[in-house]
Amino acid sequence: MSARWVAHLPFTAADLPAAQHFAGTLARSLSFLSEVDAGETTVSAEDAQGVRHRVFCDLPLDGGKRCVRRMEHDGHCASRRCR
């Protein structure tokens, strides 16, 4: 098994929800790559990188899938994006 690595890509955002939205959009746009684990996406303030905020729920679901909805979503978890 290959070692896991984390890429740190600084960006600007108005607040935490905007940062989570940006990171979620970026992660989903790269999710076609098997090396990317979009469900583990987190954001942190540049001066507090030890305090990470999850972007996706990522809770385990039946059948080995995971919830792809945003953190603190309303309703039930889903294995596919809700529209």
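# A first walk through the chain

Author: In this predicted model, the chain exposes about 6900 Å², and carbon and sulfur atoms supply 55% of that area.

Reader: OK, and how many helices and strands are there in the chain?

Author: The chain has one helix and two strands, and from the N terminus on these elements run in the order α-β-β. The helix, α1, covers residues 16-30, while strand β2 covers residues 48-54.

Reader: What does the C-alpha trace span along its principal axes?

Author: The C-alpha trace spans about 40 × 35 × 20 Å along those axes.

Reader: And what share of the residues is buried?

Author: Of the 83 residues in the chain, 20% are buried. As for contacts with a separation of 6 or more, 26% of them are accounted for by residues 24 or more positions apart.

Reader: Let me pick one residue in the helix, Ala23. Is Ala23 buried or exposed?

Author: Ala23, which lies in helix α1, counts as buried because its relative accessibility is 8%, and the cut-off for buried is under 20%.

Reader: Which residues does Ala23 touch, leaving out those up to four places away in sequence?

Author: With those neighbours set aside, Ala23 touches Thr41, Val43 and Val55. For a sense of distance, Ala23 and Asp37 are 14 residues apart in sequence, and their C-alpha atoms are 13 Å apart in space.

Reader: What about Leu26, how accessible is that one?

Author: Leu26 is also found in helix α1, but Leu26 is partly exposed, with a relative accessible area of 33%. Leu26 belongs to a nonpolar surface patch of about 700 Å², whose other members include Phe22, Leu30 and Phe32.

Reader: Which residues complete that patch?

Author: Leu9, Phe11, Leu33 and Val36 complete the nonpolar patch.

Reader: Switching to charges, how many salt bridges does the structure hold?

Author: The structure holds four salt bridges. In one of them, the side chains of Arg4 and Asp37 meet with an N to O distance of 3.2 Å. Arg4 lies in the segment before α1 and Asp37 in the loop between α1 and β1, so this pair ties together parts that are 33 residues apart in sequence.

Reader: Are Arg4 and Asp37 buried or exposed?

Author: Arg4 counts as exposed at 65% relative accessibility, whereas Asp37 counts as partly exposed at 38%.

Reader: Which residue does Glu40 pair with?

Author: Glu40 forms a salt bridge with Arg54, and the closest N and O atoms of the two are 3.6 Å apart. This pair links distant parts of the chain, since Glu40 is in the loop between α1 and β1 and Arg54 is in strand β2, 14 residues apart. Glu40 is partly exposed at 35% relative accessible area, and Arg54 is partly exposed at 28%.

Reader: What do Arg66 and Asp58 do?

Author: The side chains of Arg66 and Asp58 meet in a salt bridge, 3.2 Å from N to O. Through salt bridges that share partners, Glu40, Arg54, Asp58 and Arg66 are joined into one network. Within this network, Asp58 is buried, with a relative accessible area of 7%, while Arg66 counts as partly exposed at 40%.

Reader: Last one: how far apart are the mean positions of the positive and negative charges?

Author: The chain has 11 positive and 10 negative charges, and their mean positions are 8 Å apart.

Technical notes. Residues are numbered from 1 along each chain as its sequence is written. This is a predicted model: local features need pLDDT of at least 70, side-chain atom pairs count only at pLDDT 80 or more; totals for chains, interfaces and linings use all residues. Side-chain values use heavy atoms; hydrogens and water are left out. Patches are made of residues with over 30% relative accessible area and no salt bridge: like charges are joined within 9 Å, nonpolar side chains (Val, Leu, Ile, Met, Phe, Trp, Tyr) within 5 Å. Accessible areas come from the Shrake-Rupley method with a 1.4 Å probe; for residues, only the protein chains shown count as cover. Helices (H or I, at least four residues) and strands (E, at least two) are DSSP runs, numbered from the N terminus. Buried means under 20% relative accessible area, exposed over 50%, partly exposed in between (1.4 Å probe, protein chains only). Contact means heavy atoms within 4.5 Å. Lys and Arg count as positive and Asp and Glu as negative; His and the chain ends are not counted. The place of a charge is taken as NZ of Lys, CZ of Arg, CG of Asp or CD of Glu.
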